[in-house]
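Got your viewer open and a selection box ready? Load the model, and let's go on a short walk through its charged pairs and then its chain contact.

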Amino acid sequence: MGLDIRLPIGLLFLTLGGIVSIEGVLSSADIYIRSAGIDINLYWGLCMLAFGGVMAFLGQRGTNRMGEEMLAHESKSVEALAFEHAAEEREDRPHQSPNQGARPGV
Amino acid sequence: MSLTAIDWLIVLVYFVFVLGIGYALKKHMRTTTDFFMAGRSMPAWVAGLAFISANLGAQEVMGMAASGAKYGIATSHFYWIGAIPAMVFVGLFMMPFYYGSRAHSVPEYLRLRFDEKTRAFNAMTFAAMTVFSSGISMFAMARLIQDMHLLESLGIGYAASFHWSIFISGTIVLAYIFLGGLTSAIYNEVLQFFLIVAGFLPLVLLGLHSVGGWHGLKAKLPAVYMSSWHGMGTTDGNLLHVEWFGLVMGLGFVLSFGYWCTDFLVVQRAMSADSMVSARRVPLIAAVPKMLFPALVILPGLIAAALTPGAIPREAATAGWQAPETALVQPVAGERITRQNALIRPLLDERGQPKRDADGRFIYDYNMVIPNMLAFYFPTGILGLGLTALLASFMSGMAGNVTAFNTVWTYDIYRSYIRKGETDEHYLWMGRMATVFGIVFSAAAAYLVGAFNNIMDALQMVFSFVNAPLFATFLLGMFWKRATGHGAFFGLLLGTFGAAVHHGLTLPSGSLVGIKGGWLASLLHLSPHVYYSDMAQQFWGAIWAWTTCFLTTVLISLITAPRFEEDLKGLVYSLTPRPREGHLSVLSRPATLGIVVLVLAVALNLIFA
């Protein structure tokens, strides 16, 4: 709907991944006793950055494509749009034939 | 749980994004279709993740971990039996009717298929229940924030924490739904899904590491904890005290199908899909993470039980497992476990002393497993992430209920009975207003639940009465063209009534007559039928209610006039052409995905049997 959801997800994970990794780098080793000595902030932060990067990339590409589609949509003639819309409706609408009687064809 | 500025920053960033998404979508909310149905433009994967995320409230996350600690892997039945088959069924067999009928809601499908009074019954009961559910989510979140003393570092006391929590959660959810409608709710649910994984996956990994991996976990727990089908032949062979028939038919069929196939909260997300094929795929796509969630939510419970064997029920002891000398086991590496930071702690009474049962043993508070584990394993930084994941799961539950409410209110109650024939702009305005009063009523419900302890139990009881018969009505409606409106209405009525009667005539073992049941028996001077456990009572109650509804609907339908078949085209299986899938390759057909999902679910059942 004009906004590819992958973009905000990507940006959120880039931001959170950044915060958590920086905390992982700056924090002292003694807070990691609970996590068995593993610098979980740094490692998980980097994983989140990677995930965020991929999502943001896909999201940006998706948003661009949506923008192109909207421009193409606007430049079509009214008749062409009505024709397309009717074809789509026929795909989704249940069969409207005036068949009498039950035919268990399914 | 002590949080630092970094943790609060993470929570704040999340809130900013959630509101930002709502704001970015504001300009796209031009029609009621945009607002209530996300423009029917959602890609299948987006709607699929929203489907699962709307269902996954924090109560499920915390509740499943609690069940895992108390019952072991048998808790997975709630997923692999209690969800997957129903999700496959609704995707393959029911979405063609929900989506194809162009109904805006589940009650509207009932109006098209049956009649106005059936719709009214379903719309009113659903609207009330969904607002109360949202209120329960708000209450649970506020209570959790209080009990974790989260806001105390900001100078907010115990009592005030409750009010602030309700206010902030209510305002944020209200804002993003008011601005962006269902699309905003769906987008935020997808966001919340990824956050939940990001917050809980490291917890599971660290926890498993600390018990010595899967083998270490197995060595520390009784056999019955690690097997889901062990002892399911009889009621006393397993910890749930349910035998396989009650489990499969009560949970697996009636309750599970009753929820996944008829609850508008989840069906709404599938109805927002961009095409029929997408709509059918939505529940199937959702089934995949649903199958894998036990690893994320049940496993922490097992880990907590392994490190706190004092909390393992006595009856779980089996040959080959001896309860360790001490009630606490030390993790393989990491901080020492003490009474203060134990993963499962005893419930305390008003004087702060641990409560004890008849045998003098502690009564443990399993519900706090997840928050206790977050506080134990996570250092500041990732702690903020874990907390945000928990808050996100509460809020996605609330938002799901509120969008379902504003849609059912506007289309099925307001537009049908109060003001017909108004403009689209008017109904869009009404939808926004409904969001406002939906949140206000939820907050009121949250305070009510907080004031009277038994209300939550009473509400859950009422929900189960209403849900149990529903699937019978839909099953007959979609697959039997002879079912009539009179049949459906009285079937629902009697089925709900039957559930209440069953509750009144039965009692779980060890409970007193009252909210747990038996009230009708005592009124009639009969002795109630005793079930081994609450769950057994609930599952069998569901079976009775469903059967009552089914039989009543069939009998009354046969003695009332049928509908003309032309009117039922697209609403009943035998009068609807099969969805056109010839142009799709075999691999991309929904049926193929459905089969794959079922095979995986069976495999998981066998692996962990």
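Start with the salt bridges: over all chains of this predicted model, the count comes to nine.

**Stop one: chain A.** Select A:Arg6 and A:Asp4. They form a salt bridge, with the closest N and O atoms 2.9 Å apart. Now switch on a surface. A:Asp4 counts as buried, at 7% relative accessibility, while A:Arg6 is partly exposed, with a relative accessible area of 22%.

**Stop two: B:Lys290 and B:Glu60.** Pick this pair next and check the distance: 3.1 Å between the closest N and O atoms of the salt bridge. Colour by helix and you'll find B:Lys290 in H13 (residues 276-307) of chain B and B:Glu60 in H4 (residues 58-71) of chain B, so the pair ties together parts that are 230 residues apart in sequence. Both B:Lys290 and B:Glu60 are buried, so you may want to hide the surface again.

**Stop three: B:Glu189 and B:Arg269.** Here the closest N and O atoms of the salt bridge sit 2.8 Å apart. B:Glu189 belongs to helix H9 (residues 158-211) of chain B and B:Arg269 to helix H12 (residues 264-271) of chain B, so this bridge links parts 80 residues apart in sequence. B:Glu189 and B:Arg269 are buried too.

Then add B:Glu116, B:Arg119 and B:Asp412 to the selection: salt bridges with shared partners join them into one network.

**Stop four: where the chains meet.** Show both chains and select the contact, which takes 57 residues from chain B and 42 residues from chain A. Between them the two chains bury about 4,200 Å², 72% of it on carbon and sulfur atoms. On the chain B side, highlight B:Phe17, B:Tyr187 and B:Lys569; these lose the most area to chain A, together 12% of what that side buries.

How many salt bridges cross the interface of chain B and chain A? The rule finds zero. Polar contacts between the chains come to four residue pairs, both residues at pLDDT 80 or more.

Next, step through the helices of chain B that each supply at least two residues to the side touching chain A; among them are H1 (5-25), H3 (44-55) and H15 (382-418). Finish on H9(B), which gives that side its largest share, 11 residues. Colour the whole chain B side by residue class and you get 35 nonpolar, 13 polar and nine charged.

How values were computed
Residues numbered from 1 in each chain as written. Chains lettered and ligands numbered in written order. Predicted model: local features only at pLDDT ≥ 70, side-chain atom pairs only at ≥ 80, totals over all residues. Heavy atoms only, no water. Salt bridge = Lys/Arg side-chain N within 4 Å of Asp/Glu carboxyl O. Buried < 20%, exposed > 50% of the residue type's maximum accessible area, 1.4 Å probe, protein only. Helix = DSSP H or I, 4+ residues; strand = E, 2+ residues; numbered from the N terminus. Contact = heavy atoms within 4.5 Å. Buried area = accessible area lost by both parts, 1.4 Å probe. Polar contact = N/O pair within 3.5 Å; in protein donor to acceptor, adjacent residues only side chain to side chain. Nonpolar A, V, L, I, M, F, W, Y, C, P; charged D, E, K, R; others polar.
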